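Biologist: I should like to learn how to read the features of a protein model. Could the general idea be given each time, and then the case at hand?

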Amino acid sequence: MQDIVRLVVSRINADANLVAKHFAIRMVHEASGDAFWLAFNLTLGDVRQRYESAHPQEDWKYTLRIRFLPRSIHELVQKDPATFQYYYDQVKYDFINSSVESTDADLAIQLGCLEMRRFFKHMPQVALTKKSNFDFLEREVGFNKFIPQSILEMAKTRKLKSSILSFFKQFASLVKMPA
């Protein structure tokens, strides 16, 4: 597994030997939800024997994920922005695709608005105050790229839109800080 991790990480980062220690392969059986982190010393034969004997190979999903973080996330941003971006995308994907019943809806919407601000970094501050721009964002891009579906389903449309507008106005003036 270690060689596979290094090979894939080398496509993300030039110095795969330095950053491969942060990554691991996780296999998930979609139907049952069983998930396993694969040890670096396993071979493909070991994986097939240990895990794929219980379920057919095509039922497993393999993902390269960041599993081991450095002591300081700021250090990761400084030393390896590509790995930090990979980690950011991983956390965002997990958040958007999880069912977050225990998460405060306002917090989820705030995080979504921060991500909208990052995604539309060149958008003028007042752009979302125009109904046509807001409707375009909802229709063409979709709020589900920024806010978990479970929150979108729970919230009333009018309250959701007013919350998004309110939070987006708060975050509109934010600028990216230098790394």
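Modeller: The turns below treat the sheet, the helices, one histidine, the aromatic rings and the cores.

Modeller: This is a predicted model, in which local features need pLDDT of at least 70 and side-chain atom pairs count only at pLDDT 80 or more, while totals for chains, interfaces and linings use all residues. Residues are numbered from 1 along each chain as its sequence is written, and side-chain values use heavy atoms, with hydrogens and water left out.

Biologist: In what order do the three strands form the open sheet?

Modeller: Helices (H or I, at least four residues) and strands (E, at least two) are DSSP runs, numbered from the N terminus. Two strands pair if DSSP finds at least two bridges between them. Here the order is S2-S1-S3, with antiparallel pairing. S2 and S3 stand at the edges with a single partner strand each, so one side of each has no neighbour in the sheet. Neighbouring strands are turned by 30° against each other on average, direction ignored. Axes are lines fitted to C-alpha atoms, for helices over the stretch in contact, and angles run from 0 to 180 degrees between N-to-C directions.

Biologist: How many bridges join S1 to S2, and over how many do S1 and S3 pair?

Modeller: Four bridges join S1 (residues 23–29) to S2 (residues 35–38); S1 and S3 pair over seven. As examples, valine 28 has alanine 35 in S2 as its bridge partner, and isoleucine 25 stands opposite leucine 64 in S3. The hairpin of S1 and S2 has five residues between the strands, and glycine 33 takes a positive phi near 85° there.

Biologist: Which strands does helix H1 lie across, and which does H3 lie across?

Modeller: Contact means heavy atoms within 4.5 Å. Helix H1 (residues 2–12) lies across S1 and S3 and runs at about 110° to S1. H3 lies across S1, S2 and S3, at about 120° to S3.

Biologist: Is histidine 29 buried or exposed?

Modeller: Buried means under 20% relative accessible area, exposed over 50%, and partly exposed in between (1.4 Å probe, protein chains only). Histidine 29, placed in strand S1, counts as buried because its relative accessibility is 4%.

Biologist: With which side chain does the side chain of histidine 29 make a polar contact?

Modeller: A polar contact is a pair of N or O atoms within 3.5 Å; within protein, one must be able to donate a hydrogen and the other to accept it, and residues adjacent in sequence count only if both atoms are side-chain atoms. The partner is the side chain of serine 32, at 2.8 Å. Leaving aside neighbours within four places in sequence, histidine 29 is in contact with Asp34, His55, Asp59 and Trp60.

Biologist: Which residues form the aromatic cluster?

Modeller: Rings of Phe, Tyr and Trp (its six-membered ring) pair if their centres lie within 6.5 Å; planes under 30 degrees apart count as stacked, over 60 as edge-to-face and the rest as tilted. The count by this rule is four aromatic pairs. Phenylalanine 36 and tyrosine 51 form a tilted pair, 4.6 Å centre to centre with 35° between the planes. This pair links strand S2 to helix H3 (residues 44–52) across 15 residues of chain. Phenylalanine 36 also forms a tilted pair with tryptophan 60, at 6.0 Å and 50°. Here the partner lies in strand S3 (residues 60–66), 24 residues apart. Phe36, Tyr51 and Trp60 thus make up one aromatic cluster.

Biologist: How accessible are phenylalanine 36, tyrosine 51 and tryptophan 60?

Modeller: Phenylalanine 36 is partly exposed, with a relative accessible area of 30%. Tyrosine 51 is buried at 12%, as is tryptophan 60 at 8%.

Biologist: How many residues has the largest nonpolar core?

Modeller: A nonpolar core is a set of buried Ala, Val, Leu, Ile, Met, Phe, Trp, Tyr and Cys residues joined through side-chain atoms within 4.5 Å. The largest has 18 residues, and those with the most contacts inside it include Ile109, Met116 and Phe143. Helices H6 (105–119), H7 (131–141), H8 (149–154) and H9 (157–171) each supply at least two residues of this core. H9 gives the most, with five. A second, separate core of 16 residues includes Val5, Leu38, Leu64 and Ile66.

Biologist: Which residues does serine 163 touch?

Modeller: Serine 163, found in helix H9, is buried at 9% relative accessibility. Not counting residues up to four places away in sequence, serine 163 touches Asp106 and Ile109.
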